[in-house]
Structure formats: structure tokens, C-alpha cells
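Work through the exercises below with the model open beside you. Try each task before you read its solution.

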Amino acid sequence: MKKLIVASNNAGKLKEIREILKDVYEVVPMGEAGFTDEIEENGATFFENAVIKAKTVSLALGADALADDSGLLAEALNGAPGIYSARFSGEHGNDAANRRKLLKELEGQENRKAKFVSVIALYKTNGEIVKGEGETCGRIAFKEEGTNGFGYDSLFISDDLGKSFGVATSEEKNSVSHRKRALIDLLRHL
């Protein structure tokens, strides 16, 4: 099976990508492939950040690399946290603090509509960039529901599933997730 380096060390994201691509690629995290530097995500869009990560890892390792940049967009917050989803609370990767801040920002809001967006970039050693996009719609719960998943999963009630990603099994989530839809879109372009 062909190996695919993924420009991420996020355990939750890597688990999902592995499960979704298990029949197509052997997913190798960038750290396992030998890339341990920090990557500054200073793009203005999900796509720009995905390209920054994929290109950095690809050039450093001399191999094709895939990166996902994704986040939660709350309608009542004009699309926030958006590209800042992982660092919404000010501390990168503090999921619990990010969820608390989201609930605080939405206090008193009737409009709880939200969507998860994922943009995937595959940077090839020849400089070609292949893009995949996906989204899944739902709403933000008033309190956390379930402990499955990561990030905002316990607050996101999926329109497709009728329950939070925090309650859903990984199989259920992966069947409708923004990341799966983005990966399928990417595979269509390969």
C-alpha cells in the first residue's frame, strides 16, 4: 500500500484520516516521517493554511504531503472561530477552553447554526497542488454532549445524524464528516 505523509501531529485528526483512507493509503504522521519542526499557520484561509503545512513538510522530506486545515464556523458569530478554531481561546490546542469560549460567545443567541469546514491540500514534489473541500452542517448545543471525538465535537449537533459528534461513534461521524467529504473530493481530483 502506498504511504502518504500527513502534515499533522493532531492525534484526533490523524485517526480520522487513517480510518477514512485505510483502503487507499498507509497514513504516516509528519513526526513519524522525520519532520518535527513547528509550522506557522499564517494564511488567511483554510486553503492557504493547508498549503503552507503540506508544502513545508513536502519540501523538507522530499515526498508528497497532505494537510488538512479545518474549523468550525458559527453563523451567529459571523463565521468565527473559523481558521482560528484550534486557538480560539488564545491557547493552541486547548479543546476544553475553546469549547468554553464558544459557549460563552453564544450565550443568549437563538441562532445556533454552524458548520464544520475542511480543506485538504496535497502538495506533490513536482509543485502541483491538489485540493479537496468538504463541509457538514449542524448547530451548536447549549452544553456538551458526549466524550467521543475531539475539538468541538461534543458541542456540534450534526444535521445528518441528529446527534452530537461527541455521542456519535467514529464510524457514524466519519460517514458524514467535513473531513471525509474533503478527502473524497481530493481523491476525485487525483
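**Exercise 1: Two helices that cross**

The crossing of α1 and α6 is right-handed. This comes from a predicted model.

Task: Find the angle at which the axes of α1 and α6 cross, and classify it.

Solution.
- Step 1. Locate helix α1 at residues 11-21. Helix α6 covers residues 178-188.
- Step 2. Compare the axes. They come within 10 Å and cross at roughly 50°.
- Step 3. Classify the angle. Under 35 degrees would count as roughly parallel, and 65 to 115 as roughly perpendicular. The crossing angle therefore makes α1 oblique to α6.

**Exercise 2: The residues in between**

Task: List the residues of α1 and α6 that meet, then sort them by class.

Solution.
- Step 1. Start with α1. Its contact residues are Lys13, Glu16, Ile17, Ile20 and Leu21.
- Step 2. Turn to α6. Here the partners are Arg179, Lys180, Leu183 and Leu187.
- Step 3. Sort them. The contact of α1 with α6 has five nonpolar and four charged residues, and no polar ones.

**Exercise 3: The largest pocket**

Task: Describe the largest pocket by its volume and its lining.

Solution.
- Step 1. Take the volume. The largest pocket holds about 790 Å³ of space.
- Step 2. Look at the lining. It has 32 residues, and the closest to the pocket centre are Asn10, Lys13, Glu41, Ala86 and His92.
- Step 3. Ask which elements give two or more residues to this lining. They are β3 (65-74), α4 (95-105) and α6 (178-188).
- Step 4. Find the largest share. Strand β3 gives it, with four residues.
- Step 5. Sort the lining by class. There are eight nonpolar, 12 polar and 12 charged residues.
- Step 6. Link back to the helices. Lys13 is among the residues closest to the pocket centre, and Lys13 is also one of the α1 residues that meet α6.

**Exercise 4: A loop with two backbone features**

Task: In the loop between β3 and α4, examine the backbone at Asn78 and at Pro81.

Solution.
- Step 1. Go to Asn78. Its phi is near 55°. That is a positive value in a residue other than glycine.
- Step 2. Move on to Pro81. The peptide bond from Ala80 to Pro81 has omega near 0°.
- Step 3. Name the bond. It is cis.

Note on methods:
Residues are numbered from 1 along each chain as its sequence is written. This is a predicted model: local features need pLDDT of at least 70, side-chain atom pairs count only at pLDDT 80 or more; totals for chains, interfaces and linings use all residues. Side-chain values use heavy atoms; hydrogens and water are left out. On a 1 Å grid over the protein atoms alone, a cavity is a set of points where a 1.4 Å probe fits but cannot get out, and a pocket is an open set with protein on both sides within 12 Å along at least five of seven lines; lining residues have an atom within 4 Å of a point. Grid points are joined across faces, edges and corners, and a volume is the space filled by probe spheres set on the points. Ala, Val, Leu, Ile, Met, Phe, Trp, Tyr, Cys and Pro count as nonpolar, Asp, Glu, Lys and Arg as charged, and the others, Gly among them, as polar. Axes are lines fitted to C-alpha atoms, for helices over the stretch in contact, and angles run from 0 to 180 degrees between N-to-C directions. Angles under 35 degrees count as roughly parallel, over 145 as roughly antiparallel, 65 to 115 as roughly perpendicular and the rest as oblique. A crossing is left-handed if the near helix is turned anticlockwise from the far one by less than a right angle, and right-handed if clockwise. Contact means heavy atoms within 4.5 Å.
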